[in-house]
Amino acid sequence: MPNWSDLSRDEVADAARSGAVAVLPMGAIEQHGSHLPTGTDTLLATAAVEAAVARTGNVGLPALAYGCSLGHTAHWPGTLSLSVSTLTALVLDIGRWVFTSGFRKMVVINAHATNGPPTKSALLTLRHEIPSLHTRFASLYDITPQARAGYFGDADDPHANAAETSMLLHLDAGLVFLDRAVDEEDRTSTRVLTYAMPDVTRSGVVGYPTTATAESGARLFDAIVDGVAELLCRAREESEPMPKCDRA
């Protein structure tokens, strides 16, 4: 099924009536070292959702390209971050309008870690405001154990690492400048507090992107799409845990 923005209003209505899940890819625009594009997270989330939606017959919403990337600070150029409150408000508004168009299930597929708290806050509010809209937040890097192992193979808190670089080499090698890649160890693995990116990396990279290959990127990306597609199939088939007539 095409993406939401390619559908007519009647096709959107038909999709909603069929029980399709509305799927929101969520990324970020932020520095990814000298070797990857600033839109890496958005590119990965969009590609994964497009592949999974094509396989499952659900509806992909236009990607939310801007994320909450405050931790990158102004130390490097390239980052365009929303505030926590702005991202929460955006997801709230999107969810409300998805419901208005007739959808009763919405899944957010995320590719950037610090989108989690504001997005989950929005989904919690939507559950309170619109009990008939059922939602789920999931990230590419933990959609399955295999995806998690692939993402975190060279760092516990990776950024522009081997996994992301490999997947971009697989999806669009022209966007990757591997000759500019710099490796940096993860300095956060023994820490108990959180730190902004300039406190933990000189290059803006955490991990070992020089080890990236298109072949490993293809394997990881395929595993991620499998996980997203399985989640969407389960979400579409799922009924409420307790029928309304049984509730006290």
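Here are some notes on the fold, the surface and one aromatic cluster of this predicted model.

1. Let's start with the layout. The chain is built from 7 helices and 4 strands. Followed along the sequence, these elements come in the order α-β-α-β-α-β-α-β-α-α-α.

2. Next, overall dimensions. A compact globule of 248 residues would have a radius of gyration near 18 Å, and the 19 Å of this chain agrees with that. If you plan to set up a box around the model, the C-alpha atoms fill roughly 60 × 35 × 30 Å along the principal axes.

3. On packing, 48% of the 248 residues count as buried. Among contacts with a separation of 6 or more, 76% come from residues 24 or more positions apart.

4. The surface and the charges may interest you too. About 12100 Å² of the chain is exposed, and carbon and sulfur atoms supply 54% of that area. The chain carries 19 positive and 29 negative charges, and the mean positions of the two sets lie 8 Å apart.

5. Now for the aromatic side chains: how many aromatic pairs does the structure hold? There are 4. One of them joins Tyr141 and Tyr151, with ring centres 5.8 Å apart and planes at 75°; planes over 60 degrees apart count as edge-to-face, so this pair falls in that class. Tyr141 sits in the loop between strand S4 (134-139) and helix H5 (145-151), while Tyr151 belongs to helix H5, so the pair ties together parts 10 residues apart in sequence.

6. Are these two tyrosines buried or exposed? The cut-off for buried is under 20% relative accessible area. Tyr141 has 14% relative accessibility and therefore counts as buried. Tyr151 is at 3%, so Tyr151 counts as buried as well.

7. Tyr141 has another partner in Phe152: the ring centres are 6.1 Å apart and the planes meet at 85°, so this pair is also edge-to-face. Phe152 lies in the loop between H5 and helix H6 (162-172), and the pair links parts of the chain 11 residues apart. With a relative accessible area of 22%, Phe152 is partly exposed.

8. Putting the ring pairs together, Tyr141, Tyr151 and Phe152 form one aromatic cluster. For a look at this region in your viewer, Tyr141 is a handy place to begin, as its ring pairs with Tyr151 and with Phe152.

How values were computed:
Residues are numbered from 1 along each chain as its sequence is written. This is a predicted model: local features need pLDDT of at least 70, side-chain atom pairs count only at pLDDT 80 or more; totals for chains, interfaces and linings use all residues. Side-chain values use heavy atoms; hydrogens and water are left out. Helices (H or I, at least four residues) and strands (E, at least two) are DSSP runs, numbered from the N terminus. The radius of gyration is taken over C-alpha atoms; the globule rule is 2.2 Å times the number of residues to the power 0.38. Buried means under 20% relative accessible area, exposed over 50%, partly exposed in between (1.4 Å probe, protein chains only). Contact means heavy atoms within 4.5 Å. Accessible areas come from the Shrake-Rupley method with a 1.4 Å probe; for residues, only the protein chains shown count as cover. Lys and Arg count as positive and Asp and Glu as negative; His and the chain ends are not counted. The place of a charge is taken as NZ of Lys, CZ of Arg, CG of Asp or CD of Glu. Rings of Phe, Tyr and Trp (its six-membered ring) pair if their centres lie within 6.5 Å; planes under 30 degrees apart count as stacked, over 60 as edge-to-face and the rest as tilted.
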